[in-house]
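Visitor: I am new to this structure. Could you walk me through it?
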Amino acid sequence: MKYVFGPLSSKRLGQSLGVDLLPPKSCTWNCLYCQLGKTRKFVTERQEFFPREEILGEIREALAINKGIDWITFVGSGETMLYKGIGWLIAEVKKLTTTPVAVITNGSLLYLQEVREELLQADAVLPSLNAGSEALHAEIGRPAEGLSFRQHVEGLVTFRKEFKGRLWIEVMLLGGINDSDEALRDLAVVLKEINPDMVHLVLPTRPAPEQEVHLPTHDRIERAISILSEVTTVVHPLKGNMDLRNAPDMLEAVTAIITRHPVQQRELHKAIADCFPGEEYKADDIMRVFMLIGNFKLVDHGGEPYWVMKQGDSGTAEKSGFSS
Ligand code: SF4
């Protein structure tokens, strides 16, 4: 499938079917931690990158194959809300199924009324907010010219007032960058102003384009939870797991996921082994075959081997200069 991938399993969204609406990499930001690599050219104009009917057709097909899906999640190889027509897609998906719809976005376009309106029918929206000050916002997100921190915050505040669904803000906690008490207190002030239903702390566990991206220490994670919990509910960071059990074509499913983000070798092995209860040993052979016939390569990130696509297949870490 070209647009639909997964299902992926995560603490936040359970079994989630992903729908990618963008050509890689189309984004308004160039985050230090981006698992798609560096943003070579900013995209800030909304477009219908692919025909909406074609995307809907794939969603319909995927829903027929995959049972027990908890969420349909619109994401993008970049900033999801750059897809003009996402509101139509959400409305059409709601005619097909009662499965709730989530949208993962950096939130940078929420200052636009048309963007907020397109999102109103979603059941959950997960925008990013990684800083409580203009300087730190610029340092981490490195947004396109004209997209300011204040505009970002005001977009979130206005959207919160209009949106009746669940607003779950994602905070990427970066060791030594936004995990100081001062940075966390600034963030808490802004979160209070926005008033989300929840904050999900996430960690840079995957290969990133910039060398300065590090995991925060356990103590700093606990401190972040303590400070941010004063203003909202905070979900402790936990990695999700890949689930391939319902994939009609395992290689296709693995390729679709790795095209969008690097996958830890251990996680991939477990997901494949889970497909063969009592015969988990098969996972080793399957991974060997996938490495031979797929377009994958291994890279090291913090001593952990990750699977990424070879250059030319995605906007993954290798494109960004991440060394293997
Ligand atoms: S992490 Fe998301 S918002 Fe940031 S550059 Fe990557 S795709 Fe864009």
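Guide: Start with a cut-off: a residue is buried if 20 or more other C-beta atoms lie within 10 Å of its own, exposed if 12 or fewer, and partly exposed in between. Keep in mind that this is a predicted model.

Visitor: Is arginine 142 buried, exposed or partly exposed?
Guide: Arginine 142 is found in the loop between α4 and α5. It has 16 C-beta neighbours inside 10 Å. That count lies between the two cut-offs, so arginine 142 counts as partly exposed.

Visitor: What is the phi of arginine 142?
Guide: Most residues other than glycine have a negative phi. Arginine 142 sits just after α4. Its phi is positive, in a residue other than glycine, and is near 40°.

Visitor: Which residue in the loop between α6 and β7 (198-202) should I look at next?
Guide: This loop holds a residue with 14 C-beta neighbours inside 10 Å, so it counts as partly exposed. Its phi is positive, near 65°, although it is not a glycine. The residue is asparagine 195.

Visitor: On which side or sides of α4 do its buried residues lie?
Guide: Helix α4 covers residues 134-141, and its buried residues are Leu136, His137, Ile140 and Gly141. They cover an arc of only 105° around the axis. In an α-helix, residues three or four places apart point the same way, because there are 3.6 residues a turn. The arc puts the buried residues on the same side of α4.

Visitor: Which helices are included in what covers the buried residues of α4?
Guide: Look at the cover over Leu136, His137, Ile140 and Gly141. It includes α5 (149-162) and α6 (181-194).

Visitor: Where does the largest nonpolar core lie?
Guide: In soluble globular proteins, nonpolar side chains tend to be buried together. The largest nonpolar core here has 83 residues, and Tyr33, Ile72 and Leu187 are among those with the most contacts inside it. α6 gives the most to this core, with 6 residues. Domain 1 (4-239) and domain 2 (262-320) both give residues, so the core lies between them.

Visitor: How far apart are the C-alpha centres of domain 1 and domain 2?
Guide: The domain assignment gives domain 1 as 4-239 and domain 2 as 262-320. Their C-alpha centres lie 25 Å apart.

Visitor: Is valine 4 buried or exposed?
Guide: Valine 4 lies in strand β1 (residues 4-10). Leaving aside neighbours within four places in sequence, its contacts include Leu17, Val19 and Ile59. With 23 C-beta neighbours inside 10 Å, valine 4 counts as buried.

Visitor: What separates the C-alpha atoms of valine 4 and alanine 62?
Guide: Alanine 62 is also one of the contacts of valine 4. The two are 58 residues apart along the chain. Their C-alpha atoms are separated by 7.3 Å.

Visitor: Which residues does a cis peptide bond with omega of about -20° join?
Guide: Most peptide bonds are trans. One cis bond joins glycine 6 and proline 7, with omega of about 10°, and proline 7 lies in strand β1. The bond you ask about involves a residue in the loop between β2 (14-20) and α1 (52-65). It joins proline 24 and lysine 25.

Visitor: How many residues of the shell around the ligand are charged?
Guide: The residues around the ligand include Cys27, Trp29, Glu79 and Asn106. The shell has 5 nonpolar and 4 polar residues. The number of charged residues is 1.

Conventions: Residues numbered from 1 in each chain as written. Predicted model: local features only at pLDDT ≥ 70, side-chain atom pairs only at ≥ 80, totals over all residues. Helix = DSSP H or I, 4+ residues; strand = E, 2+ residues; numbered from the N terminus. Arc of directions from axis to C-beta. Contact = placed C-beta atoms within 7 Å. Near = placed C-beta within 6 Å. Nonpolar A, V, L, I, M, F, W, Y, C, P; charged D, E, K, R; others polar. Core = buried A, V, L, I, M, F, W, Y, C linked by C-beta atoms within 7 Å. Domains from an automatic or database assignment.
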